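Hi,

Here is the structure I said I would pass on. Have a look at it first, and my notes on what turned up are underneath.

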Amino acid sequence: MFHTTRQQLLTGDARLGGPYGDWRDDLHNQGYAIIKNAIDQERAHSYQRKALDWLRSFNTALNLDDPSTWTKDNLPVQSKVNTFNGYSVTHEKFMWDARMEPKILEAFAKIWGTDELLVSFDALNITLPNREDKPAAKPWPHVDQSPLRRGLHCIQGIINLSHAGPEDGSLMVFPRSNMATERFFDTETDPSTWEEKDIRRFSEEEIQWFEDHGMKPSKVLAEPGDLIVWDSRTVHWGGEPTVNSNTIRTVIYASYAPFELATEESLKRKKEAFESYRATTHWPHENIVIRDGVVHLPDGRVDPRNRYVPLELPEHTDRLLQLAGVKSYR
């Protein structure tokens, strides 16, 4: 197991060491890893069905077998990169059930050396391929960790509920960039421009630096039930499907970190988000930015389909409340 002190984690001095002889070596050396069959495939398919039922609940005109109905009028509002974090979706029962899958929790317990974890209230991604009314998003390489932080602070996760082959939408990564981003910031940027915000995008000119240092973008291939994990310092983005794909990408973003790393303020904000059924960021223990609970249409009007409560609430077990940060482990 990966054992660290609280002070090491707080200062970013913690490192995955190894060798372990398992996927943690990939996480350390490549900046990302795939944990195969973290969820039984049939259960993964059942979560996907729940997610697609949720999508269809907004308009009966939406037919997932008929791409001509895949229009903005028939769909709830989503981001340019195909994610949903409004309509209380982050607290739907199927989202919580997936987050609480035993092997998902075991994987993050292995990373952090503790099963006393917090989970992020992160988004659902449903990518309908080759929509006629929405151009594919261009690559937007970024890291989800401020240049002001050094070392390992956050491990992100994707619970994969659909096939992700070479033509399908999936996570794009620059392997080994987790160990290079700090050098990039130190040698290629002005520290006076660094922000505390835990996201930093790269321009085409900047991303060339990584390619010049032998790093090339790679699509992560995965199957339903696989868990994808990556270091927040790894350059990545959500890759779009090609014109040859007919797969509806369906994934749940879920990141976990030790409960002991959260401040009282972070726990207070998590409780506020949890009780109002709102989303936060990729980070589970800090950087708790609470998303707006009101979804607006492109013209600025409040979406009349807005939901302030999930369609199906999960049972608030002690374990769920602990993962949410609402109940202490001690």
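**Cavities, a pocket and two helix pairs**

Val-143, Gln-145, Ser-146, Pro-147, Arg-149, Thr-181, Glu-182, Phe-185 and Arg-233 form the lining of the second largest cavity. Before you go further, keep in mind that this is a predicted model. The space inside that second largest cavity comes to about 40 Å³. Helix H6, which covers residues 181–188, supplies the largest share of its lining, with 3 residues. Sorted by class, the lining of the second largest cavity splits into 3 nonpolar, 3 polar and 3 charged residues.

How many cavities of 30 Å³ or more does a search of the whole structure find? The search gives 3. The largest cavity has a volume of about 60 Å³, and 10 residues line it. Nearest the centre of the largest cavity you'll find Leu-16, Leu-27, His-28, Asp-231 and Arg-233. Its lining has 5 nonpolar, 2 polar and 3 charged residues. If you are clicking around, try Arg-233: it appears in the lining of the largest cavity and also in that of the second largest cavity.

Back to H6, since this helix also packs against another one. H6 and H7 sit at an angle of about 125°, and their axes are 11 Å apart. With that angle, H6 counts as oblique to H7, because the value falls outside the ranges for roughly perpendicular (65 to 115) and roughly antiparallel (over 145). The crossing of H6 past H7 is right-handed. Which residues meet there? On the H6 side they are Thr-181, Arg-183, Phe-184, Thr-187 and Glu-188, and on the H7 side Glu-206, Trp-209 and Phe-210. By class, this contact of H6 with H7 has 3 nonpolar, 2 polar and 3 charged residues. Thr-181 is worth a click too, as it takes part in the contact with H7 and lines the second largest cavity.

H7 leads on to a pocket. Helix H7 (residues 204–212) gives the most to the lining of the second largest pocket, namely 4 residues. That pocket holds about 200 Å³ of space. Its full lining is Lys-138, Pro-139, Pro-141, Phe-174, Phe-202, Ser-203, Glu-204, Ile-207, Gln-208, Glu-211, Pro-217 and Trp-237. Of these lining residues, 7 are nonpolar, 2 polar and 3 charged.

The other helix pair is H2 with H5. Helix H2 (residues 23–30) packs on helix H5 (residues 102–112) at an angle of about 60°, with the two axes 11 Å apart. That angle makes H2 oblique to H5. Is the crossing left-handed or right-handed? H2 passes H5 in a right-handed way. Trp-23, Arg-24 and Leu-27 make the contact from H2, while Ala-107, Lys-110 and Ile-111 make it from H5. The contact of H2 with H5 consists of 4 nonpolar and 2 charged residues, with no polar ones. Leu-27 links this part to the cavities, being part of the contact with H5 and one of the residues nearest the centre of the largest cavity.

Cheers

Technical notes. Residues are numbered from 1 along each chain as its sequence is written. This is a predicted model: local features need pLDDT of at least 70, side-chain atom pairs count only at pLDDT 80 or more; totals for chains, interfaces and linings use all residues. Side-chain values use heavy atoms; hydrogens and water are left out. Axes are lines fitted to C-alpha atoms, for helices over the stretch in contact, and angles run from 0 to 180 degrees between N-to-C directions. Helices (H or I, at least four residues) and strands (E, at least two) are DSSP runs, numbered from the N terminus. Angles under 35 degrees count as roughly parallel, over 145 as roughly antiparallel, 65 to 115 as roughly perpendicular and the rest as oblique. A crossing is left-handed if the near helix is turned anticlockwise from the far one by less than a right angle, and right-handed if clockwise. Contact means heavy atoms within 4.5 Å. Ala, Val, Leu, Ile, Met, Phe, Trp, Tyr, Cys and Pro count as nonpolar, Asp, Glu, Lys and Arg as charged, and the others, Gly among them, as polar. On a 1 Å grid over the protein atoms alone, a cavity is a set of points where a 1.4 Å probe fits but cannot get out, and a pocket is an open set with protein on both sides within 12 Å along at least five of seven lines; lining residues have an atom within 4 Å of a point. Grid points are joined across faces, edges and corners, and a volume is the space filled by probe spheres set on the points.
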